[in-house]
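This report looks at how two helices pack and at two residues inside the fold. Please view the sequence and structure first.

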Amino acid sequence: MSLANDTNPWAPAESESAIVAERAWLQGDMLSAVAYGAQLVLFCLCFRLLYNQLSHNNSRSTLSILLFLCVAFILGTLFMASIADFAQLSFIDNRNFPGGPEAFESEMNTNPIELMGNVVFTLQNWLCDGLLVSALS
């Protein structure tokens, strides 16, 4: 399949390198959605298992793990919402930005939605790294 399709009258008037970058960005967002689906399934399974094991003897440790799971899941959900919203801003709402979505992403990296995504992604990584470090201690 050719990347440049001269017979398509609806093809965007962008350079081939910009089209390749935009395709990779959009496909990356779709792969992130697949990973989020796996995170959702694992969250539900782990939450149910831990909740069913909750008893008076282990309530403190089990509740702390449940809290960790919920916070990590909420951060992952916020991250997915931010990349979906920013993709919409780039590819739909501001499609005719000079240079296309790729230039919009470069220029608008201080957009509150983009910043939120970066912050929650970093927080989630720190949270998971902290769990790993505490487990090794």
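## A buried serine

At a relative accessibility of 4%, Ser 82 counts as buried. The model is a predicted one. Ser 82 belongs to helix 2. Setting aside neighbours within four places in sequence, Ser 82 is in contact with Ile 113, Met 116 and Gly 117. These three partners are among the residues of helix 4 that meet helix 2.

## Helix 2 against helix 4

Helix 2 covers residues 59-93 and helix 4 covers residues 112-136. Their axes come within 8 Å and cross at roughly 155°. Angles over 145 degrees count as roughly antiparallel, so helix 2 is roughly antiparallel to helix 4. The crossing is left-handed.

Which residues of helix 2 meet helix 4? They are Phe 68, Val 71, Ala 72, Leu 75, Gly 76, Leu 78, Phe 79, Ser 82, Asp 85, Phe 86 and Leu 89. On the side of helix 4, the residues include Glu 114, Val 120, Phe 121, Leu 127 and Leu 131. The residues of this contact divide into 16 nonpolar, four polar and two charged.

## A buried glutamate

Glu 22 lies in helix 1, which spans residues 16-52. Is Glu 22 buried or exposed? With a relative accessible area of 6%, Glu 22 is buried, because buried means under 20%.

The side chains of Glu 22 and Arg 95 are joined by a polar contact of 3.1 Å. Not counting residues up to four places away in sequence, Glu 22 touches Glu 14, Phe 91, Arg 95, Gly 100, Pro 101 and Glu 102.

Definitions and conventions: Residues numbered from 1 in each chain as written. Predicted model: local features only at pLDDT ≥ 70, side-chain atom pairs only at ≥ 80, totals over all residues. Heavy atoms only, no water. Axes fitted to C-alpha atoms, helices over the stretch in contact; angles between N-to-C directions. Helix = DSSP H or I, 4+ residues; strand = E, 2+ residues; numbered from the N terminus. Parallel < 35°, antiparallel > 145°, perpendicular 65-115°, else oblique. Left-handed = near helix turned anticlockwise from the far one by under 90°. Contact = heavy atoms within 4.5 Å. Nonpolar A, V, L, I, M, F, W, Y, C, P; charged D, E, K, R; others polar. Buried < 20%, exposed > 50% of the residue type's maximum accessible area, 1.4 Å probe, protein only. Polar contact = N/O pair within 3.5 Å; in protein donor to acceptor, adjacent residues only side chain to side chain.
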